Amino acid sequence: MEEKGSMMNRTIKAAVGMIAIAAMSVGTLAACGSDSSSSDGKGKVYYLNFKPEANDAWQALAKKYTKKTGVEVKVQTAASGTYEQTLKSEIAKSEAPTLFQVNGPVGYQNWKSYTADMSDTEPYKELIDQSVALKDGDKVVGVPYAMETYGIIYNKDILNKYIATDGAKIKSVDDIDNFDTLKAVADDMQAKKDELGIKGAFTSAGFDSSSDWRFKTHLANLPLYYEFKQDKITEQPETIKGTYLPQYKQIFDLYLKDSTTEPTQLSSKTGDDATSEFSLGEAAFYQNGTWAWSDLNKNGMKADSLGMLPIYIGVKGEEKQGLVTGSENYWCINDKASDADKKATKDFLKWVITDKDGIESISSDMGLTTPFKTFSDVKSDNPLTQAAVEDQNSGKTAVSWNFTMMPSEEWKNKLGSALLEYAQGTGDWNAVKTAFVDGWKTEYDAAH
């Protein structure tokens, strides 16, 4: 995500990148020529890669595949934050990408006339859970190749120290399976912060652009998830009700109250500040995801000190709720490419996710967590990824990524401003409500 700022650019080098493509309205585009397949009838592959940090790995994979099969594979990588413009100009050329990427339902709207049905492809067939594919009716229009998970990362050592205190509210971290318990523990930790040697239960909820995405996007996903679940919404709605805004408020209030930092200081607090506070043992809880491990590891944290809890906001039945898992990285095959090129692209993708060279490149060199059965033997050394896998196998219901349906970057920014004003005491919660509910309709209408 561009909004994650420079912290993310550093994090992403060794971790799963969590990047959203800014949805741009795409005008009428020239149809791609169908004469781009090579003269030997084998077809060619042209992949417009989205992740700059994975460029070298993709170039190496392409060379290996060409050497093995004789099929030409071209990989071009868009500069960070320019994918949508690059795709728009490349797809209008006669030698257009045969394989490209969208970020979910909103990004898909721009490219729906270019997406081939992927239901007969190996990536779709090998999905552990086929419901994670991007569908348009019965048509499979995109298959995710990187899955990412977030929640409340916790420091096991601090939690164990807390559990040993007089009057501790839990006997084990497993007892935290709802908001009321999370709040009771955080409140008690805050009261015992000197005894525990911490500055607060939670790291700072910073609103610098390197950190604010955690609240205006990731935390905002929770009230959206429950509203969409209740109202059986599966596609981007024109309007939302804000049914679960009271729950959003109480988890945000907890972050503000039981914190290392005074709310008046949050406008300038960065993502690096939160990482540093958590790494130094100044806080027990830190809302972030699997991609945070490389920074925590660089700051000296040990893998066996880390765990991850679901983000509980106080909804009935949330004891059975899991972590938030999803993707913003969907492969799409260009439907306007020649049949030979489409076949070549499907064959290449099959090789990428089933051959040992492909599996090793994606899991080790790119550091991605994939949704494919063919990767089931791959063991990650990322403790947060291990926590995500345990959560998926626990029988709990994973929370889906609904922020891919947020109508625009502007919607997130206005929500972020209202949250900061509320946190600082210069605005009230009604402004958050207005940005959330009314802002949705305004931004939806503007985009349509």
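The lining of the largest cavity is where I'll start. Its residues are five nonpolar, three polar and one charged. This is a predicted model, so please hear everything that follows as computed. By name, the lining consists of Phe202, Thr203, Ser204, Ala205, Arg214, Phe215, Tyr255, Tyr286 and Gln287. Which secondary structure elements supply at least two residues each? Those are helix H9, covering 213-219, and strand E8, covering 283-289. The space inside the largest cavity comes to about 50 Å³. If we set the threshold at 30 Å³ or more, the structure holds one cavity.

Next, the domains. The assignment splits the protein in two, and each domain is built from two segments: domain 1 takes 45-147 and 327-375, while domain 2 takes 149-326 and 400-447. From C-alpha centre to C-alpha centre, domain 1 and domain 2 are 32 Å apart. Eight residues of domain 1 and nine residues of domain 2 take part in the contact.

How much area do domain 1 and domain 2 bury between them? About 670 Å², with 60% of that on carbon and sulfur atoms. On the domain 1 side, three residues stand out: Val106, Met147 and Glu328 supply 58% of the area that domain 1 buries against domain 2, more than any other three residues. As for salt bridges across the interface of domain 1 and domain 2, the rule finds zero.

Salt bridges do turn up elsewhere. Searching the whole structure gives 18 of them. One I'd like to show is lysine 44 with glutamate 95, where the closest N and O atoms are 3.4 Å apart. Why pick that pair? Lysine 44 sits in the loop between helix H1 (5-11) and strand E1 (45-49), and glutamate 95 sits in the loop between helix H3 (83-91) and strand E3 (99-102), so this salt bridge ties together parts that are 51 residues apart in sequence.

That's what I have for today.

Key
Residues numbered from 1 in each chain as written. Predicted model: local features only at pLDDT ≥ 70, side-chain atom pairs only at ≥ 80, totals over all residues. Heavy atoms only, no water. 1 Å grid on protein atoms, 1.4 Å probe; cavity = no way out; pocket = protein on both sides within 12 Å on 5 of 7 lines; lining within 4 Å. Points joined across faces, edges and corners; volume = space filled by probe spheres on them. Helix = DSSP H or I, 4+ residues; strand = E, 2+ residues; numbered from the N terminus. Nonpolar A, V, L, I, M, F, W, Y, C, P; charged D, E, K, R; others polar. Domains from an automatic or database assignment. Contact = heavy atoms within 4.5 Å. Buried area = accessible area lost by both parts, 1.4 Å probe. Salt bridge = Lys/Arg side-chain N within 4 Å of Asp/Glu carboxyl O.
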